[in-house]
Amino acid sequence: MAGVLERSYIEICGFERESVLRFRQITLNLGVAVHSGGVKYADSAGGFSYEDSGKLLSVTSNRFIHWSTSGDTVQFVEQSLDTNLLNNAVRLRIPNCLLLPGGVCIQETFNNVIILIVTSQSVHRLVLPHPSHMYRSDLVTELQMQSIFTDIGKLNLNEPAHSYVLPFAQGTQTSAPSTSAAWISHQGEALFALASPSGAITVVTLPAHDQDGTVSILELKQSSMMQRLAGWMPTAIRGDQSISDLAISLAVHQLEDDTFIFALCQDHKLRMWSLKHQMCLLVTDMLDYMPAGRGEVKASPAQAHKLRLFFSSSIGLCLAIYLAVPKRSQFCVLQLVASENNRYSLDHISTLFSTQETLVDFVLTATDIWAVWLDNDNQTVAKYISFEHNTTGTWNQVFVQPSPEEEVHVGEDQDPREIYLDVLFSPLRFTASAIIKALQIYKRGTERYSDLSWEELKKEVTVTVENELQGSVTEYEFCQEDYRLLQVEFWSKFYACCLQYQDVLSTPLALHISPATAMVCILKKGFVSFLLPCFAIDHLYLSSDDYLISEEETPIAEDSEMSHDILQLVQCLRMVNESLPEDMAYDMEKALEDLLSPEKVSEKVLEGLLASDNGNVIQDIANKLQDINNPIVAINMLLRELDLETDAETDSRHSGQPLRVRISLSQLYGSSVAASLIGQAVCQTAMTRTLLCRDLLILQQLYLRIGNNVFVPGSAQLLQLQQDFIPRCSNLLCTYHLLKQMSLTLSSSVPLDILNADLQHLSVLELSDSTTPTSRRSVLNPQTVVELFYQNVARKAIMSQIFSQQDVEGNQTMLHWPQMISSVLTLFCQFLWPSNPSFLFPECLMVNCQYAQLQECVRLVGPWCQVNVGSYRFVLGHCYLASGEGQKALQCFQEAAAEVDKEEFLMKLTGSDEEAATATTPRLLYYNKVLRLLEDIGLPELVVNLATLAISEAVNDERCQAALWTRIFKHHLDLGHNSQAYEALMQNPDSSRQLDCLRQLVVVLCERAQLRDLVQFSFVNLHDEVVSIIESRARAVDLMTHNYYELLYAFHINRHNYRKAGTVMFEYGMRLGREVRTLRGLQKQVNCYLAALSCLRLVHPDYAWIVQPSSGAAVSI
């Protein structure tokens, strides 16, 4: 994915994981009766992109509107790839008025966005504010913005300015208009062209919305050029026009002083009308452009021909006409040429043939025709072709999203319910709408589930299917296998129901291409899908055999000979893919999940293929491999294309950019729609490449088997294959499997209080703010962890890299979709790539409390990834802390310490520590950070264990040793480990810290009344300090509430220092006499003097004396 793009595209479905898009319902009742003709129109759709949608600094950047019609209802959705739009979905119903084909048009003026609607009995104009005038400032910094549909409910749509009932459509005519077109004139008038059933074109004109005026109606027909302002008489009655003139497709082009209306009619003729002169200026028989069989086609009226226009100032006006002829359909591209005296002609540019049968829609651009069909199996087919520079007439491929699998594989050791739920609620397969419709059918009820969240919907599905299963059970006892088969039966029944509705919602209705950004969308019944450029490696693997055979070169290779080898190699990969039975493919998938060696499993799979090679497929592959001239170079080039490893450092700062640019970049591709789209694109890419790597691994194993027939005997090529290429391919397979799994893994919803508490703990690590959760809460319900990472972290860094060298403001940067999305996808995958130095993805999961997902990520990379090994151990340790497994966490932190000076993430932990002055090595700084983390969480036992380990690292660093011993002392003391606290105190090499700890020990043990421990400790070399501390405490506190004198007495007695013991009791007695003048105080005083006398009697008579303490100076007695 090193930026090498092919000519093909891949479809990514943009449906989001929310229950159901909430449309505001608006009903516009015009009081018209049901049309007597009983006509029905097919569902249709369309799109509109803002003129400035390709400008980075515009409020309408990457913003568009799409709509779909069904019967008398039209629904509009405004979407942005940059910001989440609020109140952006509206469903408008006009009872008894059916939406016509081509009956919706959206145009923008300086102040407004105007929506024109044409129905079988009315025309409508909705005037909405333009986004550039909805906000007070050009600098829109909100993460969510109001849609233009926010205030649509305030419009009175029954007013004459907004709606007009067609007088000529009210009556007994047998059929309604067949098609329509609408547009805004340069004067602001709203014009509607309707193809009447008799063949004429009726044009209805509403005055500008901010001006008074009357509605005018005129009819364009061949027999007359007179304007008809009112009245309606069916042309068939007049007899001056045949039904073959009926327009089946209309298109409009405005000039400065005139408007051309192009009509493609049932008689296969294209007519161009001048609205100004109300006359037909040009008639062209489109059958003239057919190479053969014109007579046969002419005999039957056209039903499905389509017409599209494209205008640019450089090439003028081009027309593309699709001639729907069974087995010989074709597109004709013509250019309108003007001569003198209002004479026009059409120059033929190109004729392009198509083998597809049912065209849904097509779009003409400056260079290409894009088209979407339904094939005979009702599957979507999309392609595009250059109409100017295409000598072979080959259409370029669009790899559409396949339908979900018809059957779900459930392993013998798997729970059917879990497997089906995983498939149904996978981010790639089913929309919520399909699941809800299936649920309603399955329950045979009228319950509505539109307000359920994704998780609630999952629970509802589980309960519904399980209840259905339980209700069908008539026996009380079941063996496990019978119950399992029953589970599979009921879950597969519900799955089939979902599949049916998903197929309906996936039916394509139209194509939309943004002229400003070149973004291509397929508009479907239930959602919108986006087309992304296909990378060369994916293009080769996904291409059909017909395309591979016709290709002669590929952007991956440097010369034609190398291209030949790569194309041959890819064809072999395709043959491996097709020959691989489902059970073997499942075994490979299971092996990756169970962390088995892909090399060994692929070898077993090859043995299985060879053993069951009834059709000699493997032999055919082996024969084809011999046609590859230089297989080692070809395999190496494929591996190089698959490998996304990079040494580039990332800088997420928008340095030097003006504020306006920085704000725009902070929003670019930041909406939930874009996040979902990019997340699914990563998943689709990873899935494709997982299969490619799997097949390449099997193919290389086959090379080892037949090596002597392919390679020169005794050459080093087989050794290189075995020792270099196969391990590399195995690692790539594991990597893409990891990306696929993470793209399918949903994030957990974390309560705010837990998130805040965890952030408080992590703050002690002083990580950069690059991964800190922002207030940008996604509309996705819920996100995958890859989407979470994209929105919170990666997007900012990606945009910085893309625009770092550009003068965005000066150049008015244009957002070219194919180029931009390819760059974003490439850089994003590099951020996710585990072999790259960047560790932002696991860090983001840790910071956002996605511990189960992070543990799975670490599990999957463990056996093979040799990069960031220590960092993975660290984040795994944090996961264990969160789940209360402290000893496992401690083990991980210890293992991470070995890599602390080699890995960027771990070096960040040691980069800005306030304790850096106390440590001389990175490892000690790392230990300090982890110790602070453990202290903040409140795990003193682990602090003691880790600090003890850290001391062995600080052999030559007294200051660090002192700090660690102080920590150990503190936590032992807190835990009540008095002996261990005393030992830590005595080990401390810093006398000042030792004295502080000693003071704390004395105070704490006194407060806890654990005086026996205090008295019995030996306090080597600290005897005088202990005495001093206890004396100072004794003299500073109340005599009747604390017994520090008695403690000091016991302390001296225990050491046989009777004279000092007597001195203590004498001082105690004197103070009692002065300060406690009560009976109890007198009793205590007597006891103190008796104790003092007893002590002095135990001393040699020469020393049996004490100095009487007094205020001022001591007096010898």
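These legends go with close-up views of a predicted model. Local features need pLDDT of at least 70 and side-chain atom pairs pLDDT 80 or more, while totals for chains, interfaces and linings use all residues. Residues are numbered from 1 along each chain as its sequence is written, and side-chain values use heavy atoms, with hydrogens and water left out.

**View A. Strand S26 sits between two hairpin partners, S25 and S27.** S26 covers residues 368-374 (strands are DSSP E runs of at least two residues, numbered from the N terminus). Seven of its seven residues are buried (under 20% relative accessible area, 1.4 Å probe, protein chains only), so the strand is largely enclosed by the rest of the structure. Asp368, Trp370, Val372 and Leu374 cover one side, with Ile369, Ala371 and Trp373 on the other.

**View B. Here's how S26 pairs with its neighbours.** S25 (residues 358-364) runs antiparallel to S26 and is joined to it by six bridges (pairing takes at least two DSSP bridges); Val363 partners Trp370. On the S27 side (residues 380-386), seven antiparallel bridges do the job, and Ile369 partners Ile385. Three residues separate S25 from S26. Five lie between S26 and S27, where Asn378 takes a positive phi near 65°.

**View C. Helix H9 is mostly covered.** H9 spans residues 560-579 (helices are DSSP H or I runs of at least four residues). Its end-to-end C-alpha reach is 29 Å, close to the expected 28 Å (1.5 Å times one less than its 20 residues). Of those 20 residues, 14 are buried. At the N-terminal end, Asp559 acts as a cap, with a side-chain oxygen 3.2 Å from the backbone nitrogen of Glu561.

Conventions:
Buried < 20%, exposed > 50% of the residue type's maximum accessible area, 1.4 Å probe, protein only. Polar contact = N/O pair within 3.5 Å; in protein donor to acceptor, adjacent residues only side chain to side chain.
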